[in-house]
Amino acid sequence: MYRATCSRLILALVMLASLFFSSNAFAQDETARVVVLKFETFDVSDAVMETFYSSLDASIDAHPNKVMTEGGQVTIGEMMVTLGCESPTPECLSQLADLIEGDQILFGSVQRSENIHLFTIRIFDLRTGAFESQVEDQTVEGDEAT
């Protein structure tokens, strides 16, 4: 039972990450260096986050115009405090262009309530000053600890 539930959750996470990168708002002609920030988590197991980060890495590697770059030890919330912003608006995030060695930042949150995981993922292009893609409140059902 645990193995089947966990497998379904992992498959759903991989599909979520793949959909995120296949539905970009506009195509980029040159390769974008993507910095994945640490996701804010609420009652989420390390196993789920490891699977999620692996799915994101695989999706970025599979994208023809994206490459993963170093970074990601802080959350977007910690960045907002550093910048003195209240929320991750395009005006605020544009200030990160001089602080981050990348072209895009990928950030978001994952939270769990009983057997439902709620994902929010955003990718912001520091070159254009706009969000390239967003997945808001995507849910995946699966009790990882059964």
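Me: Which residues of H2 are buried, and what does that word require?

Reply: In helix H2, Val48, Met49, Thr51, Phe52, Ser55, Leu56, Ser59 and Ile60 are buried, a word kept for residues under 20% relative accessible area, whereas exposed stands for over 50% and partly exposed for what lies in between (1.4 Å probe, protein chains only). An α-helix has 3.6 residues a turn, so residues three or four places apart point the same way. The model is a predicted one, in which local features need pLDDT of at least 70 and side-chain atom pairs count only at pLDDT 80 or more, while totals for chains, interfaces and linings use all residues. Residues are numbered from 1 along each chain as its sequence is written, and side-chain values use heavy atoms, with hydrogens and water left out.

Me: How do you know that the length of H2 agrees with its number of residues?

Reply: The expected span of a helix is 1.5 Å times one less than its number of residues, so the 17 residues of H2 (residues 46-62) should span 24 Å, and the end C-alpha atoms are indeed 24 Å apart. Helices (H or I, at least four residues) and strands (E, at least two) are DSSP runs, numbered from the N terminus.

Me: Why is Thr75 called buried, and which residues does Thr75 touch?

Reply: Thr75 is called buried because its relative accessible area is 10%, set against the limit of under 20%. Thr75 lies in the loop between strand E3 (66-68) and helix H3 (76-83). Leaving aside residues up to four places away in sequence, Thr75 touches Lys38, Phe39 and Glu40, where contact means heavy atoms within 4.5 Å.

Me: What makes the link between Cys85 and Cys92 a disulfide, and why is it described as right-handed?

Reply: A disulfide is a pair of cysteine sulfur atoms within 2.5 Å, and the sulfurs of Cys85 and Cys92 are 2.0 Å apart. The torsion about their S-S bond is about 105°, so the disulfide is right-handed. Cys92 counts as buried because its relative accessibility is 3%.

Me: Why is strand E1 described as largely enclosed, and which strands pair with E1?

Reply: Four of the five residues of E1 (residues 32-36) are buried, so the strand is largely enclosed by the rest of the structure. Two strands pair if DSSP finds at least two bridges between them; E1 and E3 pair in the parallel sense over three bridges, and E1 and strand E4 (residues 104-113) also pair in the parallel sense over three bridges. Arg33 stands opposite Val67 in E3, and the bridge partner of Val34 in E4 is Gln104.
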